[in-house]
There are 2 protein chains.
Amino acid sequence: MPTKILAMPRRTKPPKRAPGGARAGRGLDLLQTLRTRIATQEIPPGAKLREHELAEAFGVPRARIRQALFALEQRGLVERIPNRGAVVTRLDLAQIFRIYDVREVLEGLCVRLATQNVPNESWQDLLEKFQGPMQEMLQQGDLDAYTAGYDAFRRRIIEAAANPLLTEMLDSIYEKTQVLIRRILILPGRASVGLREHIAVLEAMRRGDAGEAERLRRANLRSAREYLERYQKYVL
Amino acid sequence: MPTKILAMPRRTKPPKRAPGGARAGRGLDLLQTLRTRIATQEIPPGAKLREHELAEAFGVPRARIRQALFALEQRGLVERIPNRGAVVTRLDLAQIFRIYDVREVLEGLCVRLATQNVPNESWQDLLEKFQGPMQEMLQQGDLDAYTAGYDAFRRRIIEAAANPLLTEMLDSIYEKTQVLIRRILILPGRASVGLREHIAVLEAMRRGDAGEAERLRRANLRSAREYLERYQKYVL
DNA sequence: GCAAAAACTATTGTCAACAATATTGTTGAC
DNA sequence: GTCAACAATATTGTTGACAATAGTTTTTGC
């Protein structure tokens, strides 16, 4: 039994809290930790989340764990069956495609808004990064660096879009597909195709062509989806 | 002070629960009640939601109210300030426009998926209803009936799209803008323009032209948004 | 009479014990 | 040997009491 999935990231003070400073964000901290661990599959799909166990591992009362689990349920990261407990949601292929349908239109909206909201020049640095360094990272097989670069791209766009509701929805989707995105990335030929598509999107943004940028971004996600469809047995 | 906003819809058994049947959905019931009351502004924006008060009004322990408020916060219907309590979220114009941006692409996706998922003929009845009876309702000024018709249209499309994530997102948006949608409807000329647009969408769906249906639905929502922009001082 | 401090009140946040329910293990009969 | 009923255990669900915090009023010093 994998009981050591849990274990706090370094909990130095189980008995007493830090006496001085603000520690009001504790509950949120806990939730955030669980979210990322589920998103990265450090806690894998299908894992049982026992309240008592978690409470002990995190050194917090069970009520707080309970609250966190409730929040995770609302975000769709865990499923709670009455009197049976919570398990990490397992996504089947059909659900993944449905998520991608939604993601496609939301990411499309996101680049459109971003293009409209900030001056065209502000995309220059990202464009150059994607035309140069990112290309090299791929050739050297440094997928971690590439992923980091892609994440930065995504975050910049989301920030520029400046739409809190959209941000929340994309975050909610992202934490469900994070692992999947990385798995698609290592499919044969996917990374370089993706990179070309990202560059096309960025070029449109650089020109200030919001409509075209949206269209290209949507095409990009549909293309990722097609890869997933073709190689599904290797990914899942 | 409007303390009688609350008061349960008819709580006949405060001391003991129904002895026999399933009543597990209690907690969910409470949440649902609060959601609809906030969505319809029966509980108006800015209203303070006191846990103790709610607990007494609903005849449930405070912990359950607390849980419900937590859920409402996650859905963005209330804002919780630590140690200060929860107030119903008040939307300003900027936020409303941001919501409409998201709604536009999601409803667009929704009609596209719906068109792809079910046979073309299944839209025939709705199309006829919109070309005939709905028109009459408008002419007779029966906005309640018209609204009900529109709701049915929306629900059919959402159901046909068969995408739980999308459904949830649209529901979440809808409960924030429900009142607003009705206010837009009574703007001069809006209803008839809207009806024409809905018919155009339905015609495209009837033809099985998913792409065009999506485009038309998006145009429809952008048009609603423009009305809102023009008449904003009358609506808010 | 005004301002600042202190006591008070109202409200939310935390917790640990208790109850209800589901699962697992054990016993007995056929 | 297998199945069913029953007992034991583990896990979640519920509740009320207590602690902490923010807002409000009163008091006191100038």
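**Entry 1: DNA strand D**

I began at B:Asn83, where a side-chain N or O atom sits 3.4 Å from a sugar or linking oxygen of DNA strand D. This is a predicted model, in which local features need pLDDT of at least 70, side-chain atom pairs count only at pLDDT 80 or more, and totals for chains, interfaces and linings use all residues. Residues are numbered from 1 along each chain as its sequence is written, chains are lettered from A and ligands numbered from 1 in the order in which they are written, and side-chain values use heavy atoms, with hydrogens and water left out.

Next I looked up the phosphates of strand D. A side-chain N or O atom of A:Arg80 is 3.1 Å from a phosphate oxygen. A:Leu49 uses a backbone N or O atom instead, 3.4 Å from a phosphate oxygen of DNA strand D. Helix H2 (51-58) and H3 of chain A, together with H3 of chain B, each give two or more residues to this surface. I noted that helices here are DSSP runs (H or I, at least four residues), numbered from the N terminus.

I then listed the neighbours, taking a residue as near when one of its heavy atoms lies within 4 Å of the strand. DNA strand D has 17 residues around it, and A:Arg62, A:Arg66, B:Pro61, B:Arg64 and B:Arg84 are the closest. By class I found four nonpolar, four polar and nine charged. Of the strand D atoms within 4 Å of the protein, 80% are sugar or phosphate and the rest belong to bases.

**Entry 2: DNA strand C**

I turned to DNA strand C, which 17 residues surround. The closest are A:Pro61, A:Arg64, A:Arg84, B:Arg62 and B:Arg66. The side chain of A:Arg64 places an N or O atom 2.6 Å from a phosphate oxygen of strand C. A backbone N or O atom of B:Leu49 is 3.4 Å from a phosphate oxygen. At B:Asn83, a polar backbone atom is 3.4 Å from a sugar or linking oxygen of strand C. The class count here is three nonpolar, four polar and ten charged.

**Entry 3: chain B against chain A**

I checked contacts last (heavy atoms within 4.5 Å). 26 residues of chain B touch 26 residues of chain A. I found four salt bridges across the interface, each a side-chain nitrogen of Lys or Arg within 4 Å of a carboxyl oxygen of Asp or Glu. One salt bridge joins the side chains of B:Glu214 and A:Arg218 (3.0 Å, N to O). Helices H3 (62-74), H4 (93-117), H8 (164-185) and H10 (210-230) of chain B each give two or more residues to the side that touches chain A. H4(B) gives the most, with ten residues.

Conventions
Polar contact = N/O pair within 3.5 Å; in protein donor to acceptor, adjacent residues only side chain to side chain. Nonpolar A, V, L, I, M, F, W, Y, C, P; charged D, E, K, R; others polar.
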